Amino acid sequence: MKRMSVRAAGSLSPAVSRQRRLVHAGALLLLCTLGAGTFRAPAAAAAPATDAQAWLVRASAAARTASYSGVYVYTCAGITETARVTRLRNASGDAERIESLDGTRREVVRRGDEIHYFFVDSKTVRVDRRVSGRGFPDFLPQDPSTLAAHYSIEAGPVDRAAGRTVQVIRLRARDGSRYTQEIWADQQSGLPVKRRVIDERGDIIEQFVFTELTVGERLSPRQAMPSRRTGYAGWTVENSSVEEARQPGTGPLAQAQAKGGDAAPAPFPEPRMLPPGFRKVMQVSRTLPGHDRPVMQSVYSDGLATLSVFVDPDVARVAGHEGISQRGAVGVITRAAGDRAVITVGEVPAATLRKVADSIGPLASR
Amino acid sequence: MKDVSALMDGELERRRVRSTISRLEGQDELRDAWATFHVIRDALQGNAVGSSRFIEKFHERLEQEPLSVVPRWRAGLPRARAMALAGVAVLLVAGMFAWMSPGERVPPATFVDAGLSDSVAIEYAMAHRQLVPAFVAGPPAHVPAAPGTGATAGSAR
Amino acid sequence: MSDREIDHQLVLRAQRGDKLAFELLVNKYERKLQRLLSRLVRDPAEVEDVTQEAFIKAYRALPTFRGESAFYTWLYRIGINTAKNYLTAQGRKAPATVDIDPEDAEAASENELARDSSTPEQEMMSRQVAETVNAAMDALPEELRSAIMLREIEGMSYDEIAAIMNCPIGTVRSRIFRAREAIAEQLRPLLGTHKDRRW
């Protein structure tokens, strides 16, 4: 039972306009604390910051800085899963734990940039790292109005979700090459408590929503640590790693490698065509469990949606698996190209993925 | 190679250490260099170089050892690395589930949705989602397990 | 990053399940530790086993290592305890030199070169390696030899070596590297490669 607030555009109740002033003040404050150089404060921006953009900024900052604990339900492609999440962030650190409440027993624990995935039923732990983004080219638009070039950012109604009053923010795709997204942001904390991805036909293809949530209350650090403290004897450990990488032959690292006598690897392919607004935001070399050789991954984004191109030197791995698959918001196209496998993955419509994959040109063989 | 030499002297720039160690672990020639350079060091310092099979035997023993630790977090939180500052769309807090439990490469036939059922596709979707949560709106970017996967027997890896 | 910090990095990785990182540490310290333990466990046929055991114990004790001391100091103490326990189990007693600090132990060891116990095979291998290294060193150009000697024998930092040799640090790094490469080239036939070692 939703309580819908119906407002004509432009007419605001006193309560909402007070909120609006608070949001602007809050957003400014957040922008100041986010550090110089990343944002121009809205007041100084050339493009006027709309309510919705301000909400988006606030939601973004809340997701990065808030401490909270809750239970959420994730739905996609006919599957529903429930999990408990606790995220703690304070002056001394940043940690998080997500535990599955149904399906196989899984737990993800992040401590700073280190991530561990615990698969309790199969007694396996996977060690990985989160790429913090430091040192990478800035992957997101400096200015919310850049996002506005490809999404129409609108403030929706005030609604309720997770027992809270929320503001709906719609990011409506301006073209068919990306999905529309909707975010329900808690009015009080700004934290996104519900999110939907909507395809070109208007169907909801992915959603998560909190069913319980506490924000900003005192949480015990234990809630963000692994739930089992001992008893890992006999577990299998899978190590993954991720490191920033460059296109071989460029950059100081490659030059140093060349001087050191290491053979430079062959250049890897990149898509010649990207959907409007997508730029490369990251390039990493990944060591994935079960792979002998690292896989190169290039990540592209329009600021909201992402897609990756993986180049796997082990082309035999994809034999018999070529094709296109889709689940929820994620699509995958697997192809063999010469002596390497190229896999294109993204939260974009299949047609977009296909265009990108098709534009990855013939590969030079080693 | 030269980095390995600097690494063993404790004279490598801090920011190159992690990647050098990773490369060292991953490349045979670098591991050989590390081993041989240390033999040279030991010879020069007067530590007898006896059996070159020490590490082989040790490797076999270590393989048999159960994992010594899974990291134990101390009561306080670690210092977070400063995140690159965000534009609008970092709405997310990282946190992920795998698409499937490890070792289970082929989903069960009961998977109702005709979508992503291919094992390779699933693996890469997972790899993408694991890296990408930083970009995606909303906490957390959840990637579900395939349905019908109850307690999976520990699959051999 | 200093040598101690490098060890610490490797330990951290090992603590996270990266066994290979631990093996890199074993590579680094196996001979040093074995030499010290050989002064306790006089039987050369057993020293290698005791040293292996010490490293395994160190691996198992990794959760307790907090980085307050240098890794080698911590390892050394575990080694001593392992050797003592072994001797006790054998009904023997450890010689009196047991409880000195690792730093002192190293200083003392220079006077005791002849007393390290080893099997004939080990001695022969040891001698061959030493001879090869010496011959390779002799064949090095002066500046390369000086650089590696200052580093490995005098234990100087690159900074200090640069000051003494009156050259930039980059040159020091390069000279030491090239010296190592040249010597390694001569050692390869003796030691075999990675494939031979069956890692």
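In chain A, residues 24 or more positions apart make up 50% of the contacts with a separation of 6 or more, a contact being heavy atoms within 4.5 Å. The model is a predicted one, so to speak only of what it shows: local features need pLDDT of at least 70, side-chain atom pairs count only at pLDDT 80 or more, and totals for chains, interfaces and linings use all residues. Residues are numbered from 1 along each chain as its sequence is written, chains are lettered from A and ligands numbered from 1 in the order in which they are written, and side-chain values use heavy atoms, with hydrogens and water left out.

Chain A comes with 5 helices and 19 strands; these are DSSP runs numbered from the N terminus, helices being H or I over at least four residues and strands E over at least two. Of its 366 residues, 56% count as buried, where buried means under 20% relative accessible area, exposed over 50%, and partly exposed in between, with a 1.4 Å probe and protein chains only. The pLDDT, which is the predictor's confidence in each residue on a scale from 0 to 100, has a mean of 73 in chain A, and 72% of the residues reach 70 or more. Confidence in this chain bottoms out in helix α1 (residues 14–34), at a mean of 39, and is highest in strand β8 (residues 164–173), at 92. Over residues 1–49 of chain A the pLDDT stays under 50, and the model has 43 contacts beyond four places in sequence for them. Residues 133–142 of chain A also have a pLDDT below 50, with 31 contacts in the model beyond near neighbours in sequence.

Next comes a look at one strand and its partners. Strand β9 (residues 180–186) of chain A is mostly covered, with 7 of its 7 residues buried. In a regular strand the side chains alternate between the two faces of the sheet. Here T180(A), E182(A), W184(A) and D186(A) point one way from β9(A), while Q181(A), I183(A) and A185(A) point the other way. On one side, β8(A) and β9(A) run antiparallel and are joined by 6 bridges; two strands pair if DSSP finds at least two bridges between them. I169(A) stands opposite I183(A) of β9(A), and a hairpin links β8(A) to β9(A) through 6 residues. β9(A) also pairs with strand β10 (residues 192–198) of chain A, again antiparallel, over 6 bridges. I183(A) faces R195(A) in β10(A) across this pairing. The hairpin of β9(A) and β10(A) has 5 residues between the strands, and G190(A) in the turn has a positive phi of about 85 degrees.

Two charges in chain A sit over rings, a label given if NZ of Lys or CZ of Arg is within 6 Å of the ring centre and within 35 degrees of the ring normal. The charged end of K194(A) is over the ring of W184(A), 4.5 Å from its centre, and that of R178(A) is over the ring of Y151(A), at 5.8 Å. R178(A) turns up again among the contacts of H150(A), which also include R172(A), A173(A), R174(A), P276(A) and G277(A), leaving aside neighbours within four places in sequence. H150(A) is in the loop between α3 (144–147) and β7 (151–161) of chain A, and counts as buried because its relative accessibility is 17%.

Aromatic rings are a theme across the chains: the structure holds 15 aromatic pairs. Rings of Phe, Tyr and Trp (its six-membered ring) pair if their centres lie within 6.5 Å, with planes under 30 degrees apart counting as stacked, over 60 as edge-to-face and the rest as tilted. F54(B) and F55(C) are edge-to-face because their planes are at 75 degrees, with the ring centres 6.0 Å apart. This pair crosses between chains, from helix α4 (residues 54–64) of chain B to helix α3 (residues 44–60) of chain C, and both F54(B) and F55(C) are buried. F71(C) and W74(C) form a tilted pair, 5.8 Å centre to centre with 40 degrees between the planes. Both lie in helix α4 (residues 71–89) of chain C, 3 residues apart, about one turn of the helix. Y29(C), F65(C), F71(C), Y72(C), W74(C) and Y76(C) make up one aromatic cluster.The largest nonpolar core has 80 residues, and F22(C), F55(C), F71(C) and I183(C) have the most contacts inside it; such a core is a set of buried Ala, Val, Leu, Ile, Met, Phe, Trp, Tyr and Cys residues joined through side-chain atoms within 4.5 Å. Among the residues that F22(C) touches are F58(B), L62(B), F55(C) and F71(C). A second, separate core of 26 residues includes A185(A), L307(A), A337(A) and A357(A).
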